Amino acid sequence: LNDVFTLSPSLAGIPGLSVNCGFTKEGLPIGLQLLSKHFDEEKIIRAAYTVEKHSGLPVRRPHGF
């Protein structure tokens, strides 16, 4: 069931993107899924950039990267 939230947009052929919008108490990332209409990738990329830029979240990388 890991793909339950990503399967529908893929089948519909619409662009989608997930961006980090916070962390749980345990330090796990919380993602915000952005979806748009056909051929509107630029809009969700700009929205994701805006979320990242204004979120104030620290940049965290998985161990080993």
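A polar contact here is a pair of N or O atoms within 3.5 Å, where one atom must be able to donate a hydrogen and the other to accept it. Keep that in mind for two residues discussed below, in what is a predicted model.

**The overall layout**

Let's start with the whole chain. The protein has 2 helices and 2 strands, and along the sequence they follow the pattern α-β-β-α. Of its 65 residues, 14% count as buried. The accessible surface comes to about 5600 Å², and carbon and sulfur atoms hold 60% of that area. Among contacts with a separation of 6 or more, 41% are between residues 24 or more positions apart.

**The hairpin and helix 2**

Strand 1 (residues 16-23) and strand 2 (residues 29-35) run antiparallel and are joined by 7 bridges. One pairing you can pick out is Ser18 with its bridge partner Gln33 in strand 2. The two strands form a hairpin with 5 residues between them, and Gly27 sits in the turn.

Further along comes helix 2, which covers residues 41-55. Its 15 residues reach 21 Å from the first C-alpha to the last, close to the 21 Å expected at 1.5 Å a residue. Gly56 follows just after this helix. Both glycines mentioned so far take a positive phi, as the table shows.

| Residue | Place | Phi |
|---|---|---|
| Gly27 | turn between strand 1 and strand 2 | about 90° |
| Gly56 | just after helix 2 | about 75° |

**Ser36, in the loop**

Ser36 lies in the loop between strand 2 and helix 2. Is Ser36 buried or exposed? With a relative accessible area of 11%, Ser36 counts as buried, because buried means under 20%. Its side chain makes a polar contact with the side chain of Asp40 at 3.4 Å. Setting aside residues up to four places away in sequence, Ser36 touches Ile14, Pro15 and Ile44.

**Asn20, in strand 1**

Now move to Asn20, which is found in strand 1. Asn20 has a relative accessibility of 28% and so counts as partly exposed, the class between the 20% and 50% limits. The side chain of Asn20 reaches the backbone nitrogen of Gly22 at 3.0 Å.

Which residues does Asn20 contact, leaving aside neighbours within four places in sequence? They are Pro29, Ile30, Val51 and Leu57. Another useful marker is Val59: it is 39 residues from Asn20 along the chain, and the two C-alpha atoms are separated by 9.8 Å.

How values were computed: Residues are numbered from 1 along each chain as its sequence is written. This is a predicted model: local features need pLDDT of at least 70, side-chain atom pairs count only at pLDDT 80 or more; totals for chains, interfaces and linings use all residues. Side-chain values use heavy atoms; hydrogens and water are left out. Helices (H or I, at least four residues) and strands (E, at least two) are DSSP runs, numbered from the N terminus. The expected span of a helix is 1.5 Å times one less than its number of residues. Two strands pair if DSSP finds at least two bridges between them. Buried means under 20% relative accessible area, exposed over 50%, partly exposed in between (1.4 Å probe, protein chains only). Contact means heavy atoms within 4.5 Å. Accessible areas come from the Shrake-Rupley method with a 1.4 Å probe; for residues, only the protein chains shown count as cover.
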